[in-house]
Amino acid sequence: MNAEEIIRSIEAEQLKTDLPTIYVGDTIRVGVRIQEGGKERIQPYEGTVIAMRNGGINRSITVRKIFQGVGVERVFLVHAPKVASIAVLRRGKARRAKLYYLRDRVGKATRLKQRFDRPIN
């Protein structure tokens, strides 16, 4: 058994199995674990997926939302322990893999058309 196989087997144990299929353009709600003092709580972060990177254990998504008139982007490692849950709220119609052009848009222009041919669950 070589090193690659050992690494792959260790990574396979860490992969989450309860994740929905996520596409670029979807509006999702990510539950993020936050430590406050001695307590832990889950804070929802809701936004549009504008990019996806890598695969396997390193898979990450970039989620963009507008908060108090300012665009906020966060990159989440999908299989990280900090990510408690991911729920797809709405399927968006995107014709490209990276939606960085949404950064330059303001207001209603940032909305994507809804897609009905893909199920939400």
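## Strand pairing

Arg-53 stands opposite Ser-60 of strand 3. This pair belongs to a predicted model. Strand 2 and strand 3 run antiparallel and are joined by five bridges. They form a hairpin with six residues between the strands. In that turn, Asn-54 has a positive phi of about 60°.

Strand 2 also pairs with strand 1, which covers residues 27–36. Here 10 bridges join the two strands, and they too run antiparallel. One bridge links Arg-33 to Ile-42 in strand 2. The hairpin of strand 1 and strand 2 has two residues between the strands. Gly-37 in this hairpin takes a positive phi near 65°.

## Overall layout

The chain has one helix and five strands. Read from the N terminus, the order is α-β-β-β-β-β. The C-alpha trace spans about 55 × 40 × 25 Å along its principal axes.

The chain has 121 residues, and 29% of them count as buried. Contacts between residues at least 6 apart in sequence were also sorted by separation. Of these, 53% join residues at least 24 apart.

## Thr-62 in strand 3

Strand 3 covers residues 60–67, and Thr-62 sits in it. Is Thr-62 buried or exposed? Thr-62 has a relative accessible area of 11%, so it counts as buried, the cut-off being under 20%.

Which residues does Thr-62 touch, leaving out those up to four places away in sequence? One run is Thr-48, Val-49, Ile-50 and Ala-51. The other is Glu-73, Arg-74 and Val-75. Thr-48 to Ala-51 fall within strand 2, which covers 39–53.

## The largest pocket

The largest pocket has a volume of about 300 Å³. It is lined by 14 residues. Closest to its centre are Thr-27, Thr-48, Arg-64, Thr-110 and Arg-111. Thr-48, one of these, is also a contact of Thr-62.

Strand 2 and strand 3 each supply at least two residues of this lining. Strand 2 gives the most, with four residues. By class, the lining of the largest pocket holds four nonpolar, five polar and five charged residues.

## The second largest pocket

The second largest pocket has a volume of about 180 Å³. Its lining includes Lys-93, Ala-94, Arg-95, Arg-96 and Leu-99. Tyr-101, Leu-102, Arg-105, Ala-109, Arg-111 and Leu-112 complete the lining. Arg-111 therefore appears in the linings of both pockets, given that a lining residue has an atom within 4 Å of a pocket point.

What classes make up this second lining? There are six nonpolar residues, five charged ones and no polar ones. The lining of the largest pocket, by contrast, has five polar residues.

## The N-terminal end

Asn-2 lies in the segment before helix 1, which covers 3–14. Asn-2 is partly exposed because its relative accessible area is 45%. That value falls between the cut-offs of 20% for buried and 50% for exposed.

A polar atom of the Asn-2 side chain lies 3.2 Å from the backbone nitrogen of Glu-5. Lys-65 is 63 residues away from Asn-2 along the chain. The C-alpha atoms of Asn-2 and Lys-65 are separated by 43 Å.

Technical notes: Residues numbered from 1 in each chain as written. Predicted model: local features only at pLDDT ≥ 70, side-chain atom pairs only at ≥ 80, totals over all residues. Heavy atoms only, no water. Buried < 20%, exposed > 50% of the residue type's maximum accessible area, 1.4 Å probe, protein only. Contact = heavy atoms within 4.5 Å. 1 Å grid on protein atoms, 1.4 Å probe; cavity = no way out; pocket = protein on both sides within 12 Å on 5 of 7 lines; lining within 4 Å. Points joined across faces, edges and corners; volume = space filled by probe spheres on them. Nonpolar A, V, L, I, M, F, W, Y, C, P; charged D, E, K, R; others polar. Polar contact = N/O pair within 3.5 Å; in protein donor to acceptor, adjacent residues only side chain to side chain. Pairing = 2+ DSSP bridges.
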